[in-house]
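Me: I should like to learn how to read the fold of a protein from its model. May we go through the features one at a time?

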Amino acid sequence: KDFAQLIYFSSEKGFDLVRSLLEQTKQSIVFASDQTIKEISDGTILQETNMIHKYGTGLPLVFVTKKADVKNAAAKIVAGAVESRGCLCISTTPVFVEKSVSKKLYEEIKNISSRLVKGDPLSEKTDIASYTKEEVEKTKRIISESGVKQRVGSIYKNTMDLNLFFASSDSLVLQNEISGCVVGLIEYSKLDEAVKKANEILDKREIKKWILCSVFGDDSEYL
């Protein structure tokens with residue numbers, strides 16, 4: 001009577017199959033974004049039940065203070081941005097950085113990202129592998145609609161560099177889950193001000209959840 005089945009599905013073609021299977025099960029665990037689950041459950045019995053337990057969504061949030069080890073912070077931010085190709089909820093996008101160290105952090109991330117290797121996803125030497133057409137187009141569209149005027153990094157037909165730029169706290173880039181390697185730096189003068197801006201971004205996001213928060217700096221600055 002106890003039976004578990006793992007199903008991999010394409011978000012393009014698998015919705016009908018997954019919807020049908022979910023409607024026939026008592027409990028389901030789905031690893032997907034809120035948007036994907038919404039598309040699966042809208043207009044069905046699933047919308048009115050607690051049958052689906054969701055894992056996924058959210059967005060890592062980073063603060064870098066004036067006393068941070070900037071090289072270490074830059075390395076960790078880049079790792080978070082490109083791990084698993086920078087996909088959605090697990091990738092670093094919003095980075096709040098104190099103005100006095102913002103240029104230094106920008107240059108460190110820029111230097112590290114210039115050495116990233118794009119290529120074979122099965123190679124241990126590859127940092128950034130391939131992307132689907134949909135992921136590339138979505139990343140390009142959101143960056144374009146955000147009015148980013150100057151950025152480091154390019155987007156190609158089926159892959160991309162790490163895209164780095166300074167952003168305002170109301171930028172669309174920071175309000176969306178992006179299927180790509182994107183880091184937006186938001187400068188601040190006081191940490192309380194940055195926390196307030198972060199909460200404002202959260203209020204504007206369709207999915208109102210941060211998945212985790214990292215702070216680089218002396219704990220006397222923020223505890």
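Reply: The turns below go from the whole chain to the sheet, then to the helices and two single residues. Please keep in mind that this is a predicted model.

Me: How many helices and strands are there in the protein chain, and how do the elements run from the N terminus on?

Reply: The protein chain has six helices and seven strands. Read from the N terminus, the elements follow the order α-β-α-β-β-α-β-α-α-β-β-α-β. Of the 223 residues, 44% are buried. As for contacts between residues at least 6 apart in sequence, 69% of them join residues at least 24 apart.

Me: How should I read the sheet, and in which order do its strands stand?

Reply: The general idea is that strands of a sheet pair through backbone hydrogen bonds, in either a parallel or an antiparallel way. In this structure, five strands make an open sheet with parallel pairing, in the order β5-β6-β4-β3-β7. The edges are taken by β5 (163–166) and β7 (212–216); each has a single partner strand, so one side of each is left without a neighbour in the sheet. From one strand to the next, the twist averages 20 degrees.

Me: How many bridges join β3 to β4, and what is the bridge partner of V62 in β4?

Reply: Three bridges link these parallel strands, β3 and β4. V62 has V95 of β4 as its bridge partner. Helix α4 packs on this sheet, where it touches β3, β4, β5 and β6, and its direction makes about 130 degrees with that of β4.

Me: Which residues of α6 are buried, and where around the axis do they lie?

Reply: A helix may be read by its span and by its buried and exposed residues. Helix α6 (residues 191–204) has 14 residues and reaches 20 Å from its first C-alpha to its last, close to the 20 Å expected at 1.5 Å a residue. Its buried residues are A194, A198, I201 and L202. Because these cover an arc of only 100 degrees around the axis, they are on the same side of α6. The face turned away from that buried side carries the exposed residues D192, K196 and D203. The buried residues of α6 pack against β3 (60–64), β4 (94–98) and β6 (182–188).

Me: What do the buried residues of α3 pack against?

Reply: They pack against β3, β4, α4, β6 and β7. The buried residues of α3 are V70, A73, A74, I77, V78, G80, A81 and V82. Helix α3 (residues 70–82) has 13 residues, and its reach from first C-alpha to last is 18 Å, close to the 18 Å expected at 1.5 Å a residue.

Me: Is S113 buried or exposed, and what does its side chain reach?

Reply: A residue counts as buried when its relative accessible area is under 20%. S113 has a relative accessible area of 11%, and therefore it is buried. S113 belongs to helix α4 (residues 99–113). The side chain of S113 reaches the backbone oxygen of K110 at 2.9 Å.

Me: Where does V152 lie, and which residues does V152 touch?

Reply: V152 lies in the loop between α5 (133–145) and β5. Leaving aside residues up to four places away in sequence, V152 touches Y106, K110, L162, N163 and L164. Distance in sequence and distance in space may be read side by side: V152 and I109 are 43 residues apart in sequence and 9.9 Å apart in space, C-alpha to C-alpha.

Note on methods: Residues are numbered from 1 along each chain as its sequence is written. This is a predicted model: local features need pLDDT of at least 70, side-chain atom pairs count only at pLDDT 80 or more; totals for chains, interfaces and linings use all residues. Side-chain values use heavy atoms; hydrogens and water are left out. Helices (H or I, at least four residues) and strands (E, at least two) are DSSP runs, numbered from the N terminus. Buried means under 20% relative accessible area, exposed over 50%, partly exposed in between (1.4 Å probe, protein chains only). A polar contact is a pair of N or O atoms within 3.5 Å; within protein, one must be able to donate a hydrogen and the other to accept it, and residues adjacent in sequence count only if both atoms are side-chain atoms. The expected span of a helix is 1.5 Å times one less than its number of residues. The arc is that of the directions from the helix axis to the C-beta atoms. Contact means heavy atoms within 4.5 Å. Two strands pair if DSSP finds at least two bridges between them. Axes are lines fitted to C-alpha atoms, for helices over the stretch in contact, and angles run from 0 to 180 degrees between N-to-C directions.
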